[in-house]
Each structure stands twice: as structure tokens, then as C-alpha cells.
Amino acid sequence: MLRTTLAGLRLHKSRYVTTVLAIMLGVMFTTGTMVFADTLKAGYEKTVMGSATSVDAIAVDTHTEPEGLDEPWETVPLTEEHLTAIRGLPEVSGAGGMAQGQAVLLDGEGRAFGFAPPAAVSIEEHSRFSADEGRLPVGGGEIALATSTAEQIGFEIGDTVTVLDREQEKRDFELTGLVDFGADRTYSQLGTVVFDTATLREMTGAEGYSEIDVIASEGHTDDQVVEAVSTVLGPDFEVSTGEEFGLAMAEGSGADTEMLRVVLLLFSFIAMFVAGIVIYNTFAILIAQRQRELALLRCVGAKRSQVFRSVLAESVVVGLVASALGVLAGIGIGLAGATFGGPLLGTEGSTLVITPLAVAVGLVLGTTVTVFSALVPATRATRVAPLAALRTSATAAGLEKGTGWIRVVLGVAAFAVSAALVGFSQATGPDPLGPVVVTAAALVAFVGVVVLGPLLVRGIVRVVGAPLRRVGVPSMLAVDNSVRSPRRAATAMIALTVGATLITGYSVVSASTEATLTEELEDRFPVDYQIMAQYGAEAIAGEGTEEIPEDGGAAEGTEDALGEETGTDDVEGMAWPLDPGIPTEVRALLQEQDVLERVMADRGVALATEGDDLLPVTTYVNGRLGVDLTADTVEGELTDLGPGKVVLSEGYADGAKVGDTFGVPGLWDGRDLDLEVVAITEDAQRLNGAVIDPEDFAAAFPEITEDRALFVIAKDEADPALVRETVMGAVDGYPTLQVVSVAEMKNQFSEVLDIAFYTVAAMLGLAIIIAVFGISNTMALSVLERTRESALLRALGLTRAQLRRMLSVEAVLLCLIGAGIGIVLGVVFGWAAADSVLPGMVFSAPVDQIAVFIALALLAGLIAAVLPARRAAGTSITGALASE
């Protein structure tokens with residue numbers, strides 16, 4: 001039997017081409033994902049370990065987290081005395097300290113870089129960091145930048161870089177070098193500037209060192225150095241070897257890599273699922289076509305178990321060959337990903353990592369999926385009776401059976417369960433688990449499509465095929481062929497249905513998310529420009545370190561928005577500004593401009609209440625609630641806000657209703673401000689906490705004189721270019737103020753969502769390609785099965801072109817049905833998934849993208865029919881008729 005099986009494979013190897021391609025693509029994605037992720041992880045580890053292991057021991061300062069709001073953060077700095085003591089140890093040949101602060105870096109347009117100032121560090125001799133390009137700064141006129149920071153701004157070595165000092169005065173430096181901080185998040189996320197130690201202390205006021213790097217003297221191990229340094233520093237500092245320090249950082253980078261691996265493997269699971277459907281369909285058709293062959297084997301003495309093993313042996317051979325090819329292709333994909341994606345992810349030049357696990361997973365996964373997909377056809381092969389060899393037709397009746405009542409009941413039940421799950425996801429409201437429930441509903445719906453597939457094919461073909469019958473004989477024959485074997489057609493199209501559902505569903509989620517965010521921006525920010533101060537810039541300037549007055553008020557420019565450095569133990573009733581302030585001169589200047597309709601100001605504080613809770617209190621100067629600034633209300637009207645009244649968000653209302661009195665604590669005279677509640681808004685909206693009238697706010701917090709944000713509304717007839725010039729001119733003398741165009745915000749959201757959509761669509765496109773291979777294979781096997789029928793049609797006068805057209809229309813019908821069902825399901829489940837997580841979701845069906853899917857389905861059908869149609873048209877009429 002084994003020789004017979006292998007001989008059959010050699011004789012009919014062309015039948016397995018598309019099956020091999022389907023398996024190969026799925027395995028390629030899986031292996032490629034593992035190789036790429038392993039290479040990426042090794043690259044991160046190499047980058048981190050390369051910097052950390054360049055020194056033998058690293059000591060860092062410690063931070064003690066406060067237990068409550070009345071407990072400030074405690075930082076124990078490393079001092080010059082510590083550094084001197086470490087340098088004097090016999091186990092140490094050299095040591096260098098790294099001082100750290102923050103500095104406001106200006107970009108090429110003179111605006112502050114980033115929403116928070118970059119880190120500012122000093123790198124001296126014996127540091128774990130060095131210049132990747134150029135050299136480190138020396139003296140007060142030079143600076144170095146993190147490589148990533150320079151790339152974002154566009155600076156090159158030799159350029160002049162401007163940084164604000166503690167007095168917010170501009171100072172120019174020559175860029176002498178670039179430092180690659182690798183995967184160290186402390187320096188890579190917000191950007192980093194590098195000075196010599198003296199310049200750093202002058203620019204930032206930083207004291208002590210955040211880190212001391214140590215080099216061991218000859219004859220001493222890293223552990224001995226760590227022990228000696230720990231003895232000098234005491235228990236208040238963390239000391240570790242360079243290798244231990246690097247492993248700790250690499251673990252954080254590895255977590256991100258593992259998340260990327262999981263996401264990519266999810267797409268490979270989808271690809272293998274679709275490939276499994278294709279494999280099952282292929283073996284089901286092959287078994288059907290070989291009914292006479294299997295019956296003859298039974299006649300000459302083959303047992304049922306031998307026939308079963310024979311089919312499984314075929315699947316093992318096909319699976320192993322295809323998986324091996326997929327592993328090789330996957331290694332190539334992993335290499336391409338590391339080569340082109342590595343520089344974007346900070347691992348440029350990483351060595352390709354091919355682990356035995358990646359190879360084994362690819363081989364085992366591909367072979368296992370193939371064998372399991374062939375189990376049902378193999379079982380069906382054992383039911384072939386020996387007398388079947390006497391039949392004149394080799395077509396399996398099993399593929400021609402209709403849709404019984406049991407199948408109908410099961411299919412309807414599956415769709416009912418799916419609908420119930422969707423209804424449950426909508427009834428529970430926005431919830432992070434909503435998409436999981438919707439995904440489960442989609443999987444159940446796929447079961448319904450599989451069960452009711454033959455019925456769906458018949459019904460859709462009858463509707464779609466009616467006009468096609470009038471087009472010509474080839475189209476009429478194609479319609480008849482599509483309904484003649486609906487089970488085979490349904491099994492072939494389900495793979496395409498899965499892919500189309502996923503892509504359509506994700507496109508609906510993406511489009512609905514964009515529409516919802518756009519509406520939110522328009523509702524919450526019906527303005528043209530928003531102006532905010534760079535967070536943390538005031539603290540760098542030396543402002544914001546004042547203690548809160550003992551009478552419970554707020555000091556202007558208090559450093560920490562959460563009150564973590566208060567300067568006093570009495571917390572209840574105190575207030576902290578929520579964000580850095582904007583000088584009042586900016587609003588005054590903008591209000592004088594003729595091209596502007598209105599300039600609104602946002603001021604706010606956070607009040608400490610009982611139980612260490614914080615109550616945000618906000619006012620909008622020159623802003624109209626319910627008109628300019630809106631939110632969804634639980635009860636009441638936003639337009640009723642005025643002196644002596646308050647609008648509360650539901651989470652802070654503490655059971656208060658419209659008409660009740662709400663006390664706002666923290667007045668300068670020690671009394672609560674009793675206000676009438678006029679509206680309750682939903683949580684997670686623009687109006688959060690307590691919103692009060694500007695008159696009440698000024699009376700309650702007279703020292704809060706700066707705005708934390710400005711909202712600029714231009715006149716309708718104003719020239720957009722002139723408006724932008726006016727706004728930028730008003731903040732020209734304040735480089736730390738950041739100007740954001742709401743239109744630009746919308747474009748940024750759209751660009752991010754578009755990039756995400758096309759990335760996901762490209763990955764899901766692999767499932768579509770595999771599905772097209774499956775349809776092509778179905779058509780090819782169908783042509784083999786109907787060789788005599790095609791020859792008879794040719795003998796009756798059907799031309800080669802008409803035969804090709806018939807098969808093309810048949811393939812297009814199959815693709816359109818699969819894609820059409822997938823699009824319908826995708827729209828439904830995309831809507832349900834988006835609505836289950838997005839409050840106030842605005843449904844948007846991307847009609848243009850759906851039209852593209854339909855066009856691609858048409859194209860896929862034509863491509864799938866090319867080779868089968870060509871083979872059918874090229875078959876000899878007399879030879880085909882004589883062979884039966």
C-alpha cells in the first residue's frame with residue numbers, strides 16, 4: 001500500500017500544487033514570525049547588554065513611593081562623596097558619575113521639542129554610554145543628542161542646537177556627537193540631550209548623580225566590585241553587575257517583543273485555519289474522484305484500515321514537503337523583516353536568529369494541520385464499497401447530496417447563538433471583553449455558514465444567476481455547474497468567506513473608530529487651535545517649587561499636579577494646578593486679533609478631599625458650556641451653569657442630583673463653596689470633575705492666574721494661513737507653548753488608523769491568497785473530474801473560448817458568493833465589535849473599501865480559473881471521450 005500511495009503521489013503530483021502552496025504560506029508566516037521576533041529580541045538584548053556590560057558594576061539612586069498624598073516621594077541621590085569613595089576602592093580601577101535632569105530642547109522652528117522636556121545627562125569617562133557618531137561634548141559650548149532625537153528633529157553633527165536654561169533663556173550649542181541609548185527607555189522615549197557635568201548642572205540645576213558606573217581593577221571579579229561598592233554606599237542604593245543591569249532592562253524590551261510575537265502569531269493562526277479548510281476541501285474532492293480507484297484496491301484485497309492509512313500517508317508526505325518549503329520561505333521572510341524592520345525598531349545590524357523551536361514549530365504545525373484536515377476524507381474513503389468499482393462514474397455521491405433538515409436545524413441554531421452573543425455584547429455596554437464576545441459570535445457564525453453553505457450557494461446562485469443565463473450559453477452552463485455540486489462549492493468558498501469577513505470587519509472597526517474620534521474632536525474641541533504649555537517646563541525653570549500656603553490654598557506653579565511634593569503634611573482642602581500655566585499675556589494678545597472670533601481659557605486645580613481623593617475643579621473663561629464645550633449629560637442642562645452653580649461628572653457627584661447643593665472644598669478662608677448642581681455629565685468626557693463659573697473660580701482660587709490651555713476659534717471668513725500666522729505670532733516669545741491644530745490632530749488620527757488598517761489588511765491578505773489557491777484547486781480538480789463532460793461540450797460545438805468563459809464565470813460566481821457572505825458578516829461583526837468598546841460609536845461602513853473587495857473577488861475568480869480553463873480547453877476531444 002505504501003508503494004501504491006507513493007506511486008499515486010508521483011503520478012498525480014500536479015493535483016497537490018495549490019494545496020502545497022496553501023500549507024507553505026501558512027507555515028512561512030508562522031516560521032517567519034518566530035525568526036523575526038527572535039532576531040528582534042536578540043537585537044534588543046545585544047543593544048542593552050552592549051552598553052551595560054561595557055562596565056563591571058552599576059550603582060543607581062533609589063526612589064521610595066509614598067504611601068499616601070501626605071507622603072512625598074523620597075529620592076536618595078548619589079553624591080560626589082560617594083563617587084570619590086568608590087574611586088578609592090582597591091577593587092575599582094575607574095568610576096564615572098552620570099548626572100541627570102531635564103532641559104527644554106528647541107527644534108528647527110524654535111518650538112519646544114516633545115510634550116515633555118527631554119532628559120539631560122552628563123556622560124564622562126568610565127560610562128556605559130559613548131558617542132556612536134562624532135564625540136562627546138567638552139566645555140560649555142558643546143552638546144550631544146540621542147541618535148533617535150536628532151533623527152526626529154533633523155539635526156546633524158556640526159549644527160547649532162538651542163536649549164533653554166533655567167531662566168528660560170536661549171543658549172546655543174554646537175552638536176558634536178550622537179549617542180545611541182538603544183532600548184533604555186529612560187533615555188529613548190522622550191529624547192535625550194548630553195552635556196558635560198558642569199554645563200548640565202548649570203543648565204538644569206541637577207544635583208548629585210543618578211548613576212555611577214564602575215570598572216573593576218585587574219584581578220577582581222564583577223561580584224567583588226559589587227560587594228565593595230555596596231559596602232561603601234550602604235542599603236539605600238541598588239548596586240548590580242553590568243550583566244545583571246542589562247538583563248533587567250532587556251526583560252522589559254523582551255516583553256514588547258513577545259507582545260509583537262503574539263500578535264503576529266494570531267495572524268498566522270488565521271492563515272493556517274484557512275489553509276486547513278483548503279486542505280480539507282482538496283482531499284475531499286480527491287477522495288471523491290478516486291472512488292473507483294479505492295474500490296478497485298478493496299476488490300484486490302485492501303482492508304479499510306489500509307485505505308485509511310494510505311490517505312493519511314498522502315497527507316503526511318504532502319504536509320512534510322509543504323512545511324519544509326514553508327520553513328525555508330519563513331526564514332527568508334524573517335531575514336527580510338530583520339533587515340528592513342530592524343532599523344525602524346532600533347535593532348539595525350542584528351544577526352539573524354534561527355532557533356530549532358522555530359523550525360520544529362513550522363514543520364509540526366504544517367504537517368499536523370494537513371493530517372487533521374485529511375482525517376474526515378480519509379474516514380470517508382474507508383466507506384467505499386468494492387462494488388463501487390463497477391460504477392461508470394467516479395464522482396462521489398457524497399459531494400452531490402442536498403441539504404437535509406438536520407443540517408438546516410444546526411445551521412439556524414448556530415446563527416441564533418451568534419445573534420445572541422452579539423446581543424449580549426451590546427446589552428452589557430462598552431467593555432474591554434466586548435470584542436472577545438463578538439469574536440466568539442463570528443466563529444459560531446462561520447460554523448453556521450459551513451453547515452448551511454450548500455443552501456446558501458443554491459439560493460444566491462439562483463438570484464445572481466438569473467441574469468447570467470440570458471448572457472449566453474457559457475454563462476448558463478456556469479450557473480448550472482455552480483448548483484450541481486453545492487457542497488463542494490460551499491466548502492471551497494468558506495475559506496474566502498473567513499478572509500473577507502476579517503478584512504471587512506476590521507475595515508468597519510477602523511472606519512467607525514475614525515468617525516467616532518472625528519465627531520468627538522468636533523464636539524469637544526469645536527475650535528481651530530489649542531495652545532498648551534510643555535509639561536514640566538516650569539519646574540525646570542525653577543518655578544513650581546513653592547510650598548502650599550498653610551491656609552489650604554494653592555501656590556502658583558506648584559510642581560506636582562497630584563500633590564506628591566506638597567511641602568506640608570496637611571493635605572485635605574489643598575489645591576494643586578492641574579497643568580503648567582500659560583502666561584495671561586498670550587490670551588490678551590490673541591483677543592486683540594481681528595481674525596479670531598473667540599479665545600477660550602481653561603483653568604483648573606485638583607482639590608484633596610477626605611480619603612486622599614482628588615477632585616478636579618475646572619472653569620472655562622469666555623467659554624459657553626453646552627455650545628462651545630459639550631458633553632453627554634445624565635440629567636440637567638449645561639447651559640444653566642452660572643455663578644453659584646456647578647456641573648459634575650457622574651463619578652464625582654457622590655450621589656448628588658440636579659438641584660442639590662454640592663460643596664467644593666479648599667477656599668482661602670477655610671469654608672466650602674456651596675454650589676447648586678445644574679447638570680450631571682457622563683464619565684470619560686471633556687467635562688470631568690466639577691466645572692464652575694469663572695467668577696466662583698476666581699474667588700475660590702485667586703492665585704491661579706494662568707491658563708492651562710487656550711482654545712482659539714477663527715472667524716468663518718478668515719484666511720486659514722493668516723489665522724495660523726496670527727496664532728504662531730502670539731506664542732513666538734514663549735517657545736515652551738505648544739500649538740496644536742485640531743485639523744492636524746484629525747489628520748494624525750486618520751494617518752495612524754490608516755497605517756494600522758493597511759498593516760492588518762496586508763497580514764489578513766495572506767488568508768485571502770490562500771483561499772484563492774483553494775478555489776483554484778477546486779476548479780482544477782473539478783476540471784479533471786469533468787474531462788469527458790468538457791470534451792462532449794466541445795464535440796457539440798462549444799469553442800475553446802466559450803469553455804474558458806464558462807469556467808471563468810463559474811470561478812467568479814464562487815468568489816463573489818464567498819466574498820459577498822464575508823462582507824455581510826464583516827459589516828455586522830465589525831459594527832458589533834466597535835460598538836462594544838466605543839462609547840457613542842458612530843457607525844461607518846467604508847463603501848469604497850468594500851467596493852475594492854468586490855473588485856478583488858472578481859479578479860481572484862478570474863485568476864483562479866486561468867490554469868484550469870486553459871487545461872480544459874487544451875484537452876483533446878477524442879482522447880478524453882475514448883479514455884472513459
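In which helix does Ala515 lie? In this predicted model, Ala515 belongs to helix α15, which spans residues 486-524, and with a relative accessibility of 22% this alanine counts as partly exposed. The C-alpha atom of Ala515 is separated by 7.4 Å from that of Phe843, although the two residues stand 328 residues apart along the chain.

Salt bridges were searched for across the whole structure, and nine were found. In general terms, side chains of opposite charge can pair when their charged atoms come close. One of the pairs joins Arg135 to Glu142, with the closest N and O atoms 2.7 Å apart; in this pair Arg135 is partly exposed, at a relative accessible area of 40%, whereas Glu142 is buried, at 13%. A further salt bridge is formed between Asp628 and Arg598, for which the closest N and O atoms are 3.3 Å apart. Because Asp628 is placed in the loop between β18 and β19 while Arg598 is part of strand β17 (residues 596-608), this pair ties together parts that are 30 residues apart in sequence. Both Asp628 and Arg598 are buried.

Strand β17 also holds Asp602, which forms a salt bridge with Arg708 in which the closest N and O atoms are 2.7 Å apart. Since Arg708 lies in the loop between α18 (694-700) and β24 (709-714), and Asp602 in strand β17, the pair ties together parts that are 106 residues apart in sequence. Asp602 is buried, with a relative accessible area of 4%, and Arg708 is likewise buried, with a relative accessible area of 14%. In addition, a network of salt bridges links Arg587, Arg603 and Asp707.

Charged and nonpolar patches were then considered at the surface. A negative patch is formed by Asp222, Asp223, Glu227, Glu243 and Glu244, and two helices, α7 (222-233) and α8 (242-289), each supply at least two of its residues. The most is given by α7, which contributes three residues to this negative patch. Among the patch residues, Glu227 lies in helix α7 and is exposed, with a relative accessible area of 56%, a value that satisfies the cut-off of over 50% by which a residue is called exposed. A nonpolar surface patch of about 340 Å² is made by Val317, Val321, Leu325 and Leu328. Of these, Leu328 is found in helix α10, residues 304-341, and counts as exposed at 60% relative accessibility.

Backbone conformation was examined next. Most residues other than glycine have a negative phi. Against this background, His126 has a positive phi of about 65° although it is not a glycine; the residue is situated in the loop between β7 (119-122) and β8 (131-134) and counts as partly exposed, at 29% relative accessibility. Asn622, also not a glycine, has a positive phi of about 70°, and its position is in the loop between β18 (614-621) and β19 (633-636). With a relative accessibility of 42%, Asn622 counts as partly exposed.

A side-chain contact to the backbone was identified at Ser373, a residue of helix α11 (residues 356-381). The side chain of Ser373 reaches the backbone oxygen of Val369 at 2.6 Å, and Ser373 counts as buried because its relative accessibility of 11% falls under the 20% cut-off.

Note on methods: Residues are numbered from 1 along each chain as its sequence is written. This is a predicted model: local features need pLDDT of at least 70, side-chain atom pairs count only at pLDDT 80 or more; totals for chains, interfaces and linings use all residues. Side-chain values use heavy atoms; hydrogens and water are left out. Patches are made of residues with over 30% relative accessible area and no salt bridge: like charges are joined within 9 Å, nonpolar side chains (Val, Leu, Ile, Met, Phe, Trp, Tyr) within 5 Å. Accessible areas come from the Shrake-Rupley method with a 1.4 Å probe; for residues, only the protein chains shown count as cover. A salt bridge is a side-chain nitrogen of Lys or Arg within 4 Å of a carboxyl oxygen of Asp or Glu. Lys and Arg count as positive and Asp and Glu as negative; His and the chain ends are not counted. The place of a charge is taken as NZ of Lys, CZ of Arg, CG of Asp or CD of Glu. Helices (H or I, at least four residues) and strands (E, at least two) are DSSP runs, numbered from the N terminus. Buried means under 20% relative accessible area, exposed over 50%, partly exposed in between (1.4 Å probe, protein chains only). A polar contact is a pair of N or O atoms within 3.5 Å; within protein, one must be able to donate a hydrogen and the other to accept it, and residues adjacent in sequence count only if both atoms are side-chain atoms.
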